[in-house]
Amino acid sequence: MYFVGIDLAWGERARTGLAVLDDTGALVHLSAATTDDTIAAALGPYLDDECLVAIDAPLIVTNPTGNRPCEAALNRDFARFEAGAHPSNTGRPELHDTPRGARLAARFALDIDPDSVRTRRAIEVYPHPALVALFRLGRTLKYKQRQNRPFEGMREEMLRLIGLLDGLADAPLPLRLADSAPWHEVTEAVRAATHKSELRTAEDRIDAVVCAYVALYAVRRPAGTTVYGDGRTGYIVTPTLPADLVPEPPAHPPVATDPELTRLVRGAARRYAELQPYAEEAAQRLTRWLTGTLDDAGINYLDITGRGKGIASFAAKANKAVDGHPVYPDPLRDITDQIGARIITYVRSDVAVVADLLADHLTVLDDRDMGQLTASEGRFGYVSRHLQIALDPLWLGDLPVDMFPAPSAQVQIRTVLQHAWAEFEHDIRYKGSVPEELAPDLNRRFTLAAGLLELADREFEVIRERLRERTPPRDLEADPYDPRISAEELATFLAGQFPDSGWSRTDHYTWISGLLLELGVDSLHKLAGLLGSVDSAAITDRMGYKHPPGAVRRLDDALLALFGTSYIRLKGNGHRVELLTARLDRLQSGDGPTQ
C-alpha cells in the first residue's frame, strides 16, 4: 500500500509538492508538479492499487460564506497554537465549482468519504495542526513564506522542521527518509539557500512529506487520529491534539534600550497615523458584517459598534513597559485591538451563542473569557469575552489583508450589565484620578457592584427562560386604524407560536410586520391561519441551525417556505435578495414538503 501526500496549489501555474511513502514508511518519491496532467504522470505508478492520498486542499465545500464546520471545529482546538485553518467557501472563485482536490481524486477514482473502508481513498489534511500534534509544538513553525517574515528566521524554522521529520526514523511509527536522494537534495538546498524563493521551492515538497506521513498515521494509528467535520460539509484529518499540550507565548524581538524604544514607539505611531483611517474603515466594515450576520441568524442583541483605535491611544499603549521592558516590542504587530468591534447582548447565554456563531464563519485565533479568568482568581470584576479574529476579505471587502501589520481584529462580547460595569470602572480608575486614601473603599465597592451585577445577569437569564416556558397568549385584536400588525401584538403572538425561540430585536418585529402587510396579512387571525399549514419544526431542521433562531427569524423562514421567490421579491426584502435566495435553496434541497 502506498501513502501519498499532495501539497496542492490553488491553480495549475503554481508548484504542487508530491511525496509517496511505501508500506514501511520509506520515502520512495519526492517531486513537484504544476498541472493536473503532470501530477497524474508523476503519481500514476503509485495509484493503481491500494493507496491513501492525503491532500492539503479542500475536497468538499458547500457553504457559500465563512468557515466550513470542520474548520470552525479545528480552530477551536488549534487556533491558540497559531494553527487554525483559513475559511473555505464557495464564494471563493477557486472553490465555486468542484474543488481541484476533488477533481484530482475523481480522476484517480479515489473515494473521498471519510467513513469509507475502501482500499483506494483520498482525505483532506492540513500540515500545521498535524505538526503541532505530532511534535508537541507550543506554536507553529514559522517556515512559511510571509511578507514581514525575515529570511534567516524562515530558514532556521525550516531546518528545524527537517530535523524533526528526520527524527521520526526512530519513532514507533517510523518515517524513513535517509535513503531518499531527493530528500537530501531538498535538505541541502535549504541549508545553502540565500533567498526566500529558494525556501519556497523546498516548502512544497516538505509539506507533501508531512501530508504523506499523516496518511500513514491515519491508517496505522486511527485511535490517535481526529476527523473534524463530515463527508457532507467537509472534513480535515489530523493527528489528535494532546490533551496536556499548552500554547507557547509568541516570541518577541530583543528588548531595545530606552532611546531605541523611544524611536521605535515614535516610528510605530507615525506609521499607525497613516494606517488609522484604514483601521477605522475596516472596523466599520466589520461592524456591518457582524450586524448582518447576527440579524441573519436571528440572534438578539442590544448594540454593535466598531472603531479603529485612536492614534493617541495607540501611542500610549505602545509606550507601556514593565520593569523597563516594553509590553509591545513590535507595536504595529503586537497591539491586536487596532481594529475593534463590540457586541452587547442582553443575557449571558447569548454571549456564548454569538461567540460560537463567529467561530462558524471566521478564523478565531484566540478566545479569552475574561470572566473565567477573574473567577479563577476568586474575585468579582471585569467580565467580557474577547475573540481575536483573522483579517478576512469576507468582512474586509476590497481592503487588502496585508495592509495591516497586526494579523487580526478584536471582537468583545458582553452583556449590557457587564458593559455598564466595565465602562464605569474604566472611566473612574483609568481615565480619572482616585485619591490614594479612597482606593481601598472604592475597590471594595467596585467588587460589590460586580458581584451584584453578576447576580442580576443570572436573574435576567432565569426571567427569559420562564417567559419562554409560558403558555401561548390569547389572540389580540389589531388597531383598526393601522393596517399593520403592531410590533407588541406580533411579539406576543410569536412568543406563543414559537415558545422555544428567543426574543428578537424590537425593530425587527416592526420590520417584518411591514413584510406581512406587503403579503396582505394585516391581522393575527390571518397570520395564524397562514402558519397553520407550515411544519415549522421541519423547516428549522432543514435550515440546520446550530443556535436557536429568534422568533422573527422563525417567522421569516416560514414565510420564505410558503411564498418562495414571491417573498424574496417584496420591496422590504430588497437589501437581502442574495441571502434569502441562498436560504431558499437550503429549504428546497431537503426531502419532502415543508407544509
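Helix α4 is followed by R136, a residue whose phi is positive, near 55°. This is a predicted model, and the positive phi of R136 is a property of that model. The helix that R136 follows spans residues 127-135. Eight of its nine residues are buried, so α4 is largely enclosed by the rest of the structure. Those eight are P127, H128, P129, A130, L131, V132, A133 and F135. As for what encloses them, the buried residues of α4 pack against three helices and a strand: α2, α5, α7 (196-220) and β7 (234-239).

Two other residues also have a positive phi. E82 has a phi near 65° and is not a glycine. Its place is the loop that runs between α2 (69-78) and α3. E82 is partly exposed because its relative accessibility is 33%, and the range for that class lies between 20% and 50%. A109 is likewise a residue other than glycine, with phi near 60°. A109 sits in the loop that joins α3 to β5. With a relative accessible area of 56%, A109 is exposed.

The loop between α3 (100-107) and β5 (120-124) also holds S116. Is S116 buried or exposed? S116 counts as buried because its relative accessibility is 12%, and the cut-off for burial is under 20%. A polar atom in the side chain of S116 lies 3.1 Å from the backbone nitrogen of R118. Beyond the neighbours within four places in sequence, S116 makes contact with D111 and R121.

A second serine in a loop is S180, found between α5 (151-167) and α6 (181-192). S180 has a relative accessible area of 5% and is therefore buried. Its side chain reaches the backbone nitrogen of W183 at 3.2 Å. S180 also has a partner from far along the chain: its C-alpha atom is separated by 6.2 Å from that of L27, although their positions lie 153 residues apart in sequence.

Pairings across the sequence can also be considered for the chain as a whole. Among contacts with a separation of 6 or more, 70% are between residues 24 or more positions apart. The chain has 595 residues, of which 49% count as buried. Its secondary structure comes to 22 helices and 14 strands.

One of those helices is α11, which covers residues 348-361 and has 14 residues. From the first C-alpha of α11 to the last is 21 Å, close to the 20 Å expected at 1.5 Å a residue. The buried residues of α11 are D350, V351, V353, V354, A355, L357, L358, A359 and D360. An α-helix has 3.6 residues a turn, so residues three or four places apart point the same way. In α11, the buried set includes V351, V354, L358 and also the aspartates D350 and D360.

Among the strands, β13 (residues 385-390) contains H386. H386 counts as buried because its relative accessibility is 14%. The side chain of H386 is joined to that of S384 by a polar contact of 3.4 Å. Which residues does H386 touch when those up to four places away in sequence are not counted? H386 touches D366, D367, R368 and M370, as well as Q410, V411 and Q412.

The last topic is empty space inside the model. Rolling a probe the size of a water molecule over the atoms shows where empty space is left. How many cavities of 30 Å³ or more does a search of the whole structure find? The search finds one. The volume of the largest cavity is about 50 Å³. Its lining is made up of Y272, L275, A279, Q338, I339, F404, A406 and S408. Helix α8 (residues 258-297) gives the most to this lining, with three residues. By type, the lining of the largest cavity has six nonpolar residues, two polar and no charged.

How values were computed
Residues are numbered from 1 along each chain as its sequence is written. This is a predicted model: local features need pLDDT of at least 70, side-chain atom pairs count only at pLDDT 80 or more; totals for chains, interfaces and linings use all residues. Side-chain values use heavy atoms; hydrogens and water are left out. Helices (H or I, at least four residues) and strands (E, at least two) are DSSP runs, numbered from the N terminus. The expected span of a helix is 1.5 Å times one less than its number of residues. Buried means under 20% relative accessible area, exposed over 50%, partly exposed in between (1.4 Å probe, protein chains only). On a 1 Å grid over the protein atoms alone, a cavity is a set of points where a 1.4 Å probe fits but cannot get out, and a pocket is an open set with protein on both sides within 12 Å along at least five of seven lines; lining residues have an atom within 4 Å of a point. Grid points are joined across faces, edges and corners, and a volume is the space filled by probe spheres set on the points. Ala, Val, Leu, Ile, Met, Phe, Trp, Tyr, Cys and Pro count as nonpolar, Asp, Glu, Lys and Arg as charged, and the others, Gly among them, as polar. A polar contact is a pair of N or O atoms within 3.5 Å; within protein, one must be able to donate a hydrogen and the other to accept it, and residues adjacent in sequence count only if both atoms are side-chain atoms. Contact means heavy atoms within 4.5 Å.
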